Amino acid sequence: FPSHDSSCNQEINENTKAYIGDLESGVLQKLPEAVEYIYTSFPNERVRREKILVGEKSPEQFINELEASHFNVTEDAKLFMKTLGSKSTGAPQEMTAVTISARSLKIYWSEFTSFPHVSEVLSRARNLGLDSCPPEIAPYFRLRSKNPNDFALVYMKPMRNSKNEEQVFYIGNEGRLGVPSLSTRRLELGADWYRFLLVVGK
């Protein structure tokens with residue numbers, strides 16, 4: 001593990017190699033890009049941050065590349081990609097994607113007297129300078145993330161699937177062998193270990 005770490009916002013400098021501690025407002029923007037290891041609690045609560053260039057590929061390219069990599073792509077995920085492809089305009093954009101758990105956002109079941117709404121995730125994420133994703137980011141992130149153990153609900157505006165249900169992209173795995181997949185699910189906060197994909201706001 002890296003030899004130098006920072007445990008509070010004030011200690012961050014060009015020599016910071018890792019960050020372990022609570023996420024304060026602005027900390028993700030202050031951390032140098034070279035910092036790979038970000039944890040709110042080591043070793044279970046890792047926050048992943050990476051830059052992704054969005055807008056270079058067509059839906060057909062995505063589907064072909066994902067399936068060529070032996071990823072499972074559900075029919076509804078293909079439908080979402082094709083719907084987005086028909087609306088895409090403008091030049092490619094670089095975005096900073098962040099995967100983070102509800103726990104890292106300090107959302108704990110003991111705080112609530114009833115089932116917490118998923119909007120709590122976005123509310124607390126925005127306090128850290130994060131925001132909801134453009135849905136186009138999901139297939140780019142899935143292609144870059146080869147680890148079948150990576151999973152995250154993409155916090156985006158829901159779209160209608162083939163059954164007219166409102167869902168979002170889900171990055172996860174399928175079957176007993178844990179094949180990496182791109183599918184769709186309902187946007188919800190089912191447990192405090194749920195992970196979400198967001199982006200650093202402008």
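**Exercise 1. Two helices side by side**

The crossing of α2 and α5 is left-handed in this predicted model. Work out how the two helices are oriented to each other, and which residues of α2 meet α5.

*Solution.*
Step 1. Start with the geometry: α2 packs against helix α5, residues 137–144, at an angle of about 25°. Their axes lie 11 Å apart.
Step 2. Now use the cut-off: angles under 35 degrees count as roughly parallel. The helices α2 and α5 are therefore roughly parallel to each other.
Step 3. Look at the side of α2, where Phe62, Glu65 and Leu66 make the contact. On α5 they meet Pro139, Tyr140, Arg142 and Leu143.
Step 4. Sort these residues by class: the contact of α2 with α5 has 5 nonpolar and 2 charged residues, and no polar ones.

**Exercise 2. A residue in a strand**

Decide whether threonine 96 is buried or exposed, and find the side chain that it joins in a polar contact.

*Solution.*
Step 1. Find the residue: threonine 96 belongs to strand β7, which covers residues 93–101.
Step 2. The relative accessible area of threonine 96 is 14%. Buried means under 20%, so threonine 96 is buried.
Step 3. Go through the contacts of threonine 96, leaving aside neighbours within four places in sequence: they are Arg49, Glu50, Lys51, Leu198, Val199 and Val200.
Step 4. With lysine 51, the side chain of threonine 96 makes a polar contact of 3.1 Å.

**Exercise 3. Positive phi without glycine**

Histidine 70 and asparagine 164 are your next pair. For histidine 70, say which loop holds it and whether it is buried or exposed. Then do the same for asparagine 164, giving its loop and its exposure.

*Solution.*
Step 1. Take histidine 70, which is not a glycine, yet has a positive phi of about 65°. Its place is in the loop between α2 (59–68) and β6 (72–73).
Step 2. Exposed means over 50% relative accessible area. Histidine 70 has 64% relative accessibility, so it counts as exposed.
Step 3. Turn to asparagine 164, also not a glycine, with a positive phi of about 65°. The loop between β10 (159–160) and β11 (166–174) holds asparagine 164.
Step 4. At 51% relative accessibility, asparagine 164 counts as exposed.

**Exercise 4. A cis peptide bond**

Which residues does the cis peptide bond join, and where is proline 43 placed?

*Solution.*
Step 1. Check omega: at about 5°, it belongs to the cis peptide bond between phenylalanine 42 and proline 43.
Step 2. Place the proline: proline 43 is in the loop between β3 (37–41) and β4 (45–46).

Terms used: Residues numbered from 1 in each chain as written. Predicted model: local features only at pLDDT ≥ 70, side-chain atom pairs only at ≥ 80, totals over all residues. Heavy atoms only, no water. Helix = DSSP H or I, 4+ residues; strand = E, 2+ residues; numbered from the N terminus. Buried < 20%, exposed > 50% of the residue type's maximum accessible area, 1.4 Å probe, protein only. Polar contact = N/O pair within 3.5 Å; in protein donor to acceptor, adjacent residues only side chain to side chain. Contact = heavy atoms within 4.5 Å. Axes fitted to C-alpha atoms, helices over the stretch in contact; angles between N-to-C directions. Parallel < 35°, antiparallel > 145°, perpendicular 65-115°, else oblique. Left-handed = near helix turned anticlockwise from the far one by under 90°. Nonpolar A, V, L, I, M, F, W, Y, C, P; charged D, E, K, R; others polar.
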